[in-house]
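Here is a short structural report. Start with the sequence and the model, then read on.

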Amino acid sequence: LQACAASLLEAYCDECCDALAREIAPEGLFLRPRFSPGYGDFPITFQRSLLEAHRHRAVGRSPHCVQLWAAWEERGVLYLQSQLCSEGSLHRHHHHRHGGPLWGWRLSAYLWDLLGALRHLHGRRMSHGDVRPSNAMLDGGRCLLGDFGWCGEEGGSGRYAAPEAAEAMAEATTAEGDVFSLGLTVAEVALGERADDGETWTELR
């Protein structure tokens, strides 16, 4: 009986979302994918992973963002299958293979890729909230933005966060904060230093 009621409720919510989508479409607006908490016997420990999968799905398709291919639960474990980035993260590639500053066309190309990712996100009225070298993934000469678990949430960027976000403990991430975090990310790779406490990073902030 509970399953039947849940199924009817889901169908009703879908109808409401479809009607609302048609109503706002002429204004150039759109709905993000609806999050359904599922059935009552689904463990609450999956909440964080479910929200991450939901946010990743809401990102949509972009050549500058790591794609989520599938998400499923199996034997009590929630799996997220995302695009394979064969060269690992910018952090790993730079610090463990090169260790020095990265300049020239390659750095410019990475910057343009990440700017393209932020343009896509901000165009969908979303902010990433955790732009950092470890979330910039390399694949075939491209630099893709990944890990969308903090989209619209408080925190995430740590030492890459904008000063106002860190000091005010902002309730949600912002597009402006993403741009600041991207600036520190590029500066870290360009200088060959970690964006940590120190004279250089204090001046930058």
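## Cysteines

Is Cys65 buried or exposed? Cys65 is buried, because its relative accessibility is 1%. Buried means under 20% relative accessible area, exposed over 50%, and partly exposed in between (1.4 Å probe, protein chains only). Cys17 has a relative accessibility of 26%, so Cys17 counts as partly exposed.

The model is predicted: local features need pLDDT of at least 70, side-chain atom pairs count only at pLDDT 80 or more, and totals for chains, interfaces and linings use all residues. Residues are numbered from 1 along each chain as its sequence is written, and side-chain values use heavy atoms, with hydrogens and water left out.

A disulfide is a covalent bond between the sulfur atoms of two cysteines. Here the criterion is a pair of cysteine sulfur atoms within 2.5 Å. A search of the whole structure finds zero.

## Overall layout

The protein chain holds seven helices and four strands. Helices (H or I, at least four residues) and strands (E, at least two) are DSSP runs, numbered from the N terminus. Along the sequence, their order is α-α-β-β-α-α-β-β-α-α-α.

The chain has 205 residues, and 34% of them count as buried. Its exposed surface is about 12400 Å², with 56% supplied by carbon and sulfur atoms. Areas come from the Shrake-Rupley method with a 1.4 Å probe; for residues, only the protein chains shown count as cover. Contact means heavy atoms within 4.5 Å. Among contacts between residues at least 6 apart in sequence, 62% join residues at least 24 apart.

## Helix α4 and the core

Helix α4 covers residues 104-123. The expected span of a helix is 1.5 Å times one less than its number of residues. For the 20 residues of α4 that gives 28 Å, and the end C-alpha atoms are 29 Å apart, so the two values agree. Buried residues in α4 include Leu107, Tyr110, Leu114, Leu118 and Leu121. Asp113 and His120 are also among the buried residues of α4. An α-helix has 3.6 residues a turn, so residues three or four places apart point the same way.

A nonpolar core is a set of buried Ala, Val, Leu, Ile, Met, Phe, Trp, Tyr and Cys residues joined through side-chain atoms within 4.5 Å. The largest one has 22 residues, and Leu145 and Phe148 touch the most other members. At least two residues each come from α2 (47-59), α4, β3, β4 (142-145) and α6 (175-191). The largest share, six residues, is from α4. Setting aside neighbours within four places in sequence, Leu145 contacts Leu114, Ala117, Leu118 and Leu121, among others. Its contacts also include Cys65 and Val66.

## The β3-β4 hairpin

Strands pair if DSSP finds at least two bridges between them. β3 and β4 run antiparallel and are joined by four bridges. They form a hairpin with two residues between them. Gly140 sits in the turn and has a positive phi of about 60°. Met137 stands opposite Leu144 of β4. Asp139 has Arg142 in β4 as its bridge partner.

Which residues does Gln83 contact beyond its neighbours within four places in sequence? They are Cys65, Val66, Gln67, Trp69, Asp139, Arg142 and Leu144. Gln83 lies in the loop between β2 (77-82) and α3 (90-98). Its relative accessibility is 16%, so Gln83 counts as buried.

## Loop residues to inspect

Arg125 has a positive phi of about 60°, although it is not a glycine. Arg125 comes just after α4, in the loop that leads from α4 to β3. Its relative accessibility is 53%, so Arg125 counts as exposed. Asp147 is another non-glycine residue with positive phi, near 60°. Asp147 is in the loop between β4 and α5 (163-168). Asp147 is partly exposed, because its relative accessible area is 33%.

Ser134 lies in the loop between α4 and β3 (136-139). With a relative accessible area of 34%, Ser134 is partly exposed. Its C-alpha atom is 6.0 Å from that of Leu90, which is 44 residues away along the chain. Neighbours within four places in sequence aside, Ser134 contacts Ser89 and His91.
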